[in-house]
Amino acid sequence: MRISDIQRCEARPGHLVEWTFSPATVAAAAALPPDPRPPSYIQESHIRTARSVREDGLFVPTWIGTAFDLPGAADLDALEQALRGWTLRHETLRSGFRWAGDDMHRFTLDEDDVSLHREVVGDFADADTLVRYLQDRFDVAADALGWPNFIYAAVVRDDSTSVYLAFDHTNVDAYSLQRIPDEIHELYRAGVTGRSLAGAPVGSYVDFCEQERANADGIDDTHAIVARWREFIARGDGTLPAFPVDLGLRPGGPLPAQKLMREPLVDADAAAAFEAYCRPYGGSMVGVLAATSLIVHQLGGEPVYRTVVPFHTRVKSAWSDSVGWYVGGAPIEVPAARDFDGALTAVRAELQANRSLARIPLARVLRLLGADFRPTSPDLYSIVSYVDARDVPGSAHWPEQKVYGLLRVSYGDQVCVWITRLHEGLWLACRYPDTDIAYKNMRRYIEALRDLVVSVPAHTRLLATEPTFS
């Protein structure tokens with residue numbers, strides 16, 4: 001899906017309806033005893049960071065979500081049934097956390113206690129007014145420090161209905177969002193036609209949290225993974241990596257506002273040619289990281305490109321269809337290479353050597369290192385992420401269904417780049433600090449990346465067709 005902010009997801013006027021957990025469901029949750037299954041480390045880190053930033057006096061919305069269209073004026077009863085059925089399928093959505101002193105404790109509702117409350121907000125004749133309302137509403141309803149921390153909405157028109165789902169990040173990752181449009185479409189069609197839909201059981205992210213945490217708590221500061229992170233952080237002067245170009249930020253300054261760039265990078269033919277060129281080295285993800293290492297060296301002059309590469313942690317088939325935040329990170333260090341092939345070779349070697357580090361949550365590692373990483377920003381480090389979404393169910397229909405992954409762009413001092421392989425080509429989204437210098441350097445990065453993705457395979461084809469002389 002194309003990643004965007006809510007301002008640029010083709011929002012159109014219409015009749016707005018919202019769904020949240022009902023007052024009865026919220027009351028049932030308040031009376032629940034603790035669920036012994038702990039939060040995952042990434043959930044706990046995210047919530048503690050949100051609390052830390054809030055205590056510093058700044059409200060930083062960090063929700064993510066999805067938007068997509070249903071045909072015609074939706075049957076709201078069938079849509080509500082679909083939304084409730086989908087919610088029940090994924091246990092993490094009926095699970096939340098409470099503070100007891102400085103400790104977080106989980107609670108989890110039974111399925112029978114879950115009901116949705118529908119509220120008619122009213123008619124919006126202007127798209128900009130609608131978008132402002134939705135963003136403000138999602139900021140409050142999908143807040144990391146509140147519960148419930150997600151909301152569903154529909155904008156109904158005669159010819160189509162736009163559905164929006166917004167979540168605090170503790171509930172979902174990018175892959176979870178990618179699967180939502182097809183699942184809701186399927187459940188909605190079943191409701192409209194009166195069919196029963198018996199889906200296969202889906203693994204629980206809450207169970208995954210318990211297993212992952214037990215594994216992570218089983219290591220100590222002598223573990224090889226901890227040693228590798230210790231070395232990586234030490235070589236970065238005791239910090240996790242930022243994007244190595246000038247972003248125009250003052251050291252120790254306030255957390256800056258952010259902006260989002262989002263645009264097509266290259267078309268399907270260029271994406272396929274780039275993939276073919278990079279395949280011997282591991283594919284387009286290796287290619288994107290290799291290209292980035294060359295470009296940021298040219299822009300910033302750093303002799304080594306240091307970054308943390310996100311990887312999914314859905315290592316068992318039970319988690320493949322599960323909604324949750326299944327993401328870990330692996331550190332890599334890529335010395336400046338003479339050419340693209342050299343960069344590809346270096347990135348492949350680093351990923352092969354370090355990918356296994358993503359199995360242990362970084363928050364656990366930092367705790368073992370004893371470093372004072374009191375976060376002052378929603379992002380611990382900068383990332384460049386690559387995902388091939390073409391095998392996601394329903395992805396071929398995303399353009400006609402106006403499917404978007406939504407990012408709330410608010411405040412932050414890091415750069416996050418997401419590159420998605422779609423049927424129509426590569427799509428790029430980039431969240432960056434809102435300074436003139438950062439804007440100029442990120443534009444330079446994107447244009448250089450586009451040029452390299454297009455030119456490398458084209459240059460290779462040219463060499464292959466040149467005549468040789470003996």
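So, where is D35 found? D35 sits in the loop between α1 (23–30) and α2 (41–55). Before I go on, keep in mind that this is a predicted model.

Okay, D35. Is it buried or exposed? Its relative accessibility comes out at 11%, and the cut-off for buried is under 20%, so D35 counts as buried. What does its side chain do in there? The side chain of D35 makes a polar contact with the side chain of R37, at 2.8 Å. And if you skip residues up to four places away in sequence, D35 touches R106, F107, T108 and V206.

Right, on to helix α5, residues 174–193. Let's do a quick sanity check on its length. It has 20 residues, and at 1.5 Å a residue they should span 28 Å; the end C-alpha atoms are 30 Å apart, which agrees. That said, α5 does bend, by about 35° at I180, and there's a proline, P181, following within four residues.

Now the two ends. At the start of α5, a side-chain oxygen of D173 comes to within 3.3 Å of the backbone nitrogen of Y175. After the helix you hit G194, which has a positive phi, near 80°.

What does α5 pack against? Its buried residues pack against β3 (64–71), α3 (76–89), β8 (160–167) and β12 (383–388). Among those buried residues are I180 and P181 from the bend, and also R179, E183 and H185, plus I184 and Y188. Hang on to those last two.

That's my cue for the cores. In soluble globular proteins, nonpolar side chains tend to be buried together. Here the largest nonpolar core has 66 residues, and the ones with the most contacts inside it are W19, L79, W86, Y152, L165, F167 and W229. α3 gives the most to this core, seven residues. Take L79 as an example: leaving out neighbours within four places in sequence, L79 is in contact with W19, L70, A74, A154, V163, I184 and Y188. So there are I184 and Y188 again, both from the buried set of α5. Apart from this core lies another one, of 49 residues, with C278, A290, Y305 and V384 among them.

Last stop, strand β9, residues 258–267. β9 is mostly covered, with seven of its 10 residues buried. Which strand does β9 join up with? That would be β15, residues 425–433: nine bridges link the two, and they run antiparallel. If you want one pair to click on, D267 has G425 in β15 as its bridge partner.

That's my tour, over to you.

Definitions and conventions
Residues are numbered from 1 along each chain as its sequence is written. This is a predicted model: local features need pLDDT of at least 70, side-chain atom pairs count only at pLDDT 80 or more; totals for chains, interfaces and linings use all residues. Side-chain values use heavy atoms; hydrogens and water are left out. The expected span of a helix is 1.5 Å times one less than its number of residues. The bend at a residue is the angle between axes fitted to the seven residues ending there and the seven starting there. Buried means under 20% relative accessible area, exposed over 50%, partly exposed in between (1.4 Å probe, protein chains only). Contact means heavy atoms within 4.5 Å. A polar contact is a pair of N or O atoms within 3.5 Å; within protein, one must be able to donate a hydrogen and the other to accept it, and residues adjacent in sequence count only if both atoms are side-chain atoms. A nonpolar core is a set of buried Ala, Val, Leu, Ile, Met, Phe, Trp, Tyr and Cys residues joined through side-chain atoms within 4.5 Å. Two strands pair if DSSP finds at least two bridges between them.
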